[in-house]
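Work through the exercises below with the sequence and the structure open. Each task is followed by a solution in steps.

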Amino acid sequence: IARMEGLTSLECGNNSVGAKGGASLAAALERLPNLESLNVTWCQLSSNGTVALCVALGLLSRLTSLDLSNNYLGEDGSQAAARALRRLHCLTSLALRHNGCAGRAGPSMAR
């Protein structure tokens, strides 16, 4: 994936990516500057995988659509997602259904 610099859409949904896979996906995303759409629903990212992924998300300045639904983000992952979302100025579609936002993370996502 990392060598496909012209890629504009990536559908990774329904794969057991997990925390390690989230970190690997994050490394690949850093090399996809043209990505406009990312779907990682039902990927079992967990909090650690989401944190790694969200660091890379902040670099995707062309991203218009993001679906993180049905992953357990947890508080750390939710806060990382909130930080990434603040940098995604082109985003027009966002799905966060059933993501396990916990504690104070929910309000930080709303900001």
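**Exercise 1. Cysteines**

Find the closest cysteine sulfur to that of Cys 43, and decide how many disulfides the structure holds.

Solution.
- Step 1. The model is a predicted one, and the distances here are computed from it.
- Step 2. The cysteine sulfur closest to that of Cys 43 belongs to Cys 12, at 6.0 Å.
- Step 3. A disulfide needs the two sulfur atoms within 2.5 Å, so 6.0 Å is too far for a bond.
- Step 4. The count of disulfides in the structure is zero.
- Step 5. Burial can be read off as well: Cys 43 has a relative accessible area of 1% and is buried, whereas Cys 90, at 39%, is partly exposed.

**Exercise 2. The salt bridge**

Identify the residues that form the salt bridge, and state where each of them lies.

Solution.
- Step 1. The structure holds one salt bridge.
- Step 2. Its partners are Asp 67 and Arg 97, whose closest N and O atoms are 3.7 Å apart. The cut-off is 4 Å, so the pair at 3.7 Å qualifies.
- Step 3. Asp 67 belongs to strand S3, and Arg 97 to the loop between strand S4 (93-95) and helix H4 (105-110). With their positions 30 residues apart, the pair links distant parts of the chain.
- Step 4. Asp 67 has 15% relative accessibility and therefore counts as buried. Arg 97, at 49%, counts as partly exposed.

**Exercise 3. Strand S2 and the residue after it**

Is Asn 39 buried or exposed, and which residues does Asn 39 touch beyond four places in sequence? Do the same contact search for Val 40.

Solution.
- Step 1. Asn 39 is located in strand S2.
- Step 2. The relative accessibility of Asn 39 is 15%, so this residue counts as buried.
- Step 3. Leaving out residues up to four places away, Asn 39 touches Leu 10, Glu 11, Cys 12, Gly 13 and Asp 67.
- Step 4. Under the same kind of exclusion, the contacts of Val 40 include Cys 12, Gly 13, Leu 25, Leu 53 and Asp 67.
- Step 5. Val 40 is also one of the residues that touch the most other members of the largest nonpolar core, along with Leu 29, Leu 35, Leu 38 and Leu 57. That core has 25 residues, and H1, H2 and H3 each supply at least two of them.

**Exercise 4. Helices H2 and H3**

Check the span of each helix against 1.5 Å a residue, then list the buried residues.

Solution.
- Step 1. H2 covers residues 46-57, which is 12 residues, and its first and last C-alpha atoms are 16 Å apart, close to the expected 16 Å.
- Step 2. H3 also has 12 residues; the expected span is 16 Å and the end C-alpha atoms are 16 Å apart, so the two agree.
- Step 3. In H2, the buried residues are Ser 47, Gly 49, Thr 50, Leu 53, Cys 54, Ala 56 and Leu 57. They pack against helix H1 (18-29), strand S2 (37-39), strand S3 (65-67) and helix H3 (74-85).
- Step 4. In H3, the buried set is Gly 74, Gly 77, Ser 78, Ala 80, Ala 81, Ala 82, Ala 84 and Leu 85.

**Exercise 5. Arg 31**

Locate Arg 31 and find which backbone oxygen its side chain reaches.

Solution.
- Step 1. Arg 31 sits in the loop between H1 and S2.
- Step 2. Its relative accessibility of 49% makes Arg 31 partly exposed.
- Step 3. The Arg 31 side chain reaches the backbone oxygen of Ala 27 at 3.3 Å.
- Step 4. Arg 31 and Ala 56 are 25 residues apart along the chain, with 9.3 Å between their C-alpha atoms.

How values were computed:
Residues numbered from 1 in each chain as written. Predicted model: local features only at pLDDT ≥ 70, side-chain atom pairs only at ≥ 80, totals over all residues. Heavy atoms only, no water. Helix = DSSP H or I, 4+ residues; strand = E, 2+ residues; numbered from the N terminus. Expected span 1.5 Å × (residues − 1). Buried < 20%, exposed > 50% of the residue type's maximum accessible area, 1.4 Å probe, protein only. Contact = heavy atoms within 4.5 Å. Salt bridge = Lys/Arg side-chain N within 4 Å of Asp/Glu carboxyl O. Core = buried A, V, L, I, M, F, W, Y, C linked by side-chain atoms within 4.5 Å. Polar contact = N/O pair within 3.5 Å; in protein donor to acceptor, adjacent residues only side chain to side chain.
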